[in-house]
Amino acid sequence: MPGSRFPRRTESGLADSIALMSELNLILLGPPGAGKGTQAERLQEDFPLAYIATGDMLRAAVAEGTELGRKAKEHMDRGDLVPDDVIIGVILDRVEGDDARDGFLLDGFPRTIGQAEALEAELRKLGRKLTAVLLIEAPDEEIIRRLSGRRVSKSGRVYHVDHDPPKHADRCDIDGSPLVQRKDDKPETIRKRLDVYHRQTAPLVAYYDERGLLRRFDGTRSPTEVHDHVRATIATLRLEDEL
Ligand code: AMP
């Protein structure tokens with residue numbers, strides 16, 4: 001019953017008709033702070049995809065003190081990537097999970113060619129394929145400006161000190177918790193993360209471009225403009241898939 005898997009209504013109805021077609025397996029690619037998380041939130045309202053955000057999973061593991069968290073923490077605090085052998089198995093398990101059967105949205109994975117190859121092999125084994133890789137681009141100066149002003153609440157609501165401040169200074173509008181700066185959002189760690197992105201993750205742009213999967217979006221545009229563009233792109237891809 002493929003039609004009953006995606007019952008959600010949306011304003012335009014466009015996403016409904018798109019979602020009734022085959023599974024949607026998406027990757028969000030781009031530097032930290034380009035707006036991947038914001039687009040992921042919106043895409044989940046359009047399509048009931050399993051949202052797999054590696055950064056969130058790792059931060060939860062660190063907070064819970066699990067073995068994964070213990071292995072990941074020092075790398076994360078330094079702004080380095082967690083080693084492939086620590087992260088790959090965890091993410092592939094999630095992709096195979098029941099909730100990802102009709103589609104997934106990967107945010108923050110893959111981040112190395114090794115991770116991309118492992119994902120490709122796993123999907124091939126499962127007889128599945130990627131629908132598209134959505135690359136959200138933004139220049140380094142813009143990223144530094146955004147991330148150094150980013151503050152988060154206990155519940156994960158994200159603010160920006162200048163562009164999206166809370167109503168009461170340093171307190172979350174929703175849960176009242178004090179806002180904090182992520183350790184890895186300090187200026188020197190941001191520069192490190194950008195350097196890691198350019199060295200280890202940016203080669204994925206060519207990797208997915210060669211496979212005809214890459215779609216580019218201008219992350220300096222407003223979240224709504226980027227979202228409209230992403231939706232239109234997905235609609236076109238699904239129509240092409242039908243032909
Ligand atoms: P993010 O919230 O996506 O910026 O991720 C925060 C941190 O988690 C990164 O700086 C890395 O240390 C780690 N991390 C997240 N995803 C991955 C991944 N796919 N591979 C290795 N490390 C990751």
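1. Two strands pair if DSSP finds at least two bridges between them. Helices (H or I, at least four residues) and strands (E, at least two) are DSSP runs, numbered from the N terminus. On those terms, Ile-27 of β1 has Leu-106 as its bridge partner in β3.

2. A word on the basis. The model is predicted: local features need pLDDT of at least 70, side-chain atom pairs count only at pLDDT 80 or more, and totals for chains, interfaces and linings use all residues. Residues are numbered from 1 along each chain as its sequence is written, and side-chain values use heavy atoms, with hydrogens and water left out.

3. Start with β1 (residues 24-29). Five bridges join β1 to β3 (residues 103-107), and the two strands run parallel. β1 also pairs with β4 (residues 132-137), again in the parallel sense, over four bridges. In β4, Leu-134 stands opposite Leu-28.

4. How many residues of β1 are buried? Six of the six are, so β1 is largely enclosed by the rest of the structure. Buried means under 20% relative accessible area, exposed over 50%, and partly exposed in between (1.4 Å probe, protein chains only). In a regular strand the side chains alternate between the two faces of the sheet. Here both faces are covered. Leu-24, Leu-26 and Leu-28 are buried on one side, and Asn-25, Ile-27 and Leu-29 on the other.

5. Take Leu-26 as a sample from β1. Leu-26 counts as buried because its relative accessibility is 0%. Contact means heavy atoms within 4.5 Å. Not counting residues up to four places away in sequence, Leu-26 touches Leu-49, Phe-104, Leu-105, Leu-106, Thr-131, Ala-132, Leu-134 and Ile-234. Lys-36 is ten residues from Leu-26 along the chain, and their C-alpha atoms are separated by 12 Å.

6. Now the ligand. The shell around the ligand holds 16 residues, each with a heavy atom within 4 Å of it. The closest are Thr-54, Asp-80, Gly-108, Arg-111 and Gln-115. Helix α3 (residues 54-64) gives the largest share of the shell, four residues. By class, the shell has six nonpolar, four polar and six charged residues. Ala, Val, Leu, Ile, Met, Phe, Trp, Tyr, Cys and Pro count as nonpolar, Asp, Glu, Lys and Arg as charged, and the others, Gly among them, as polar.

7. Which arginine side chains have an N or O atom placed against the ligand? Arg-59 has one 3.0 Å from a ligand oxygen. Arg-111 has one 3.0 Å from a ligand nitrogen. Arg-182 has one 3.3 Å from a ligand oxygen. Taken alone the ligand exposes 480 Å², and the protein buries 94% of that (Shrake-Rupley method, 1.4 Å probe).

8. Two backbone points deserve a look. The peptide bond from Phe-109 to Pro-110 is cis, with omega near 0°. Pro-110 is found in the loop between β3 and α6 (113-126). Asp-170 is not a glycine, yet its phi is positive, near 65°. Asp-170 lies in the loop between β6 (158-160) and α8 (187-201). Asp-170 counts as exposed because its relative accessibility is 51%.

9. Last, His-160 in strand β6. Is His-160 buried or exposed? His-160 is buried, with a relative accessible area of 9%. The side chain of His-160 reaches the backbone nitrogen of Asp-162 at 3.0 Å and that of His-163 at 3.2 Å. Leaving aside neighbours within four places in sequence, His-160 is in contact with Arg-145, Arg-146, Gly-149, Arg-150 and Pro-165.

Note on methods. A polar contact is a pair of N or O atoms within 3.5 Å; within protein, one must be able to donate a hydrogen and the other to accept it, and residues adjacent in sequence count only if both atoms are side-chain atoms.
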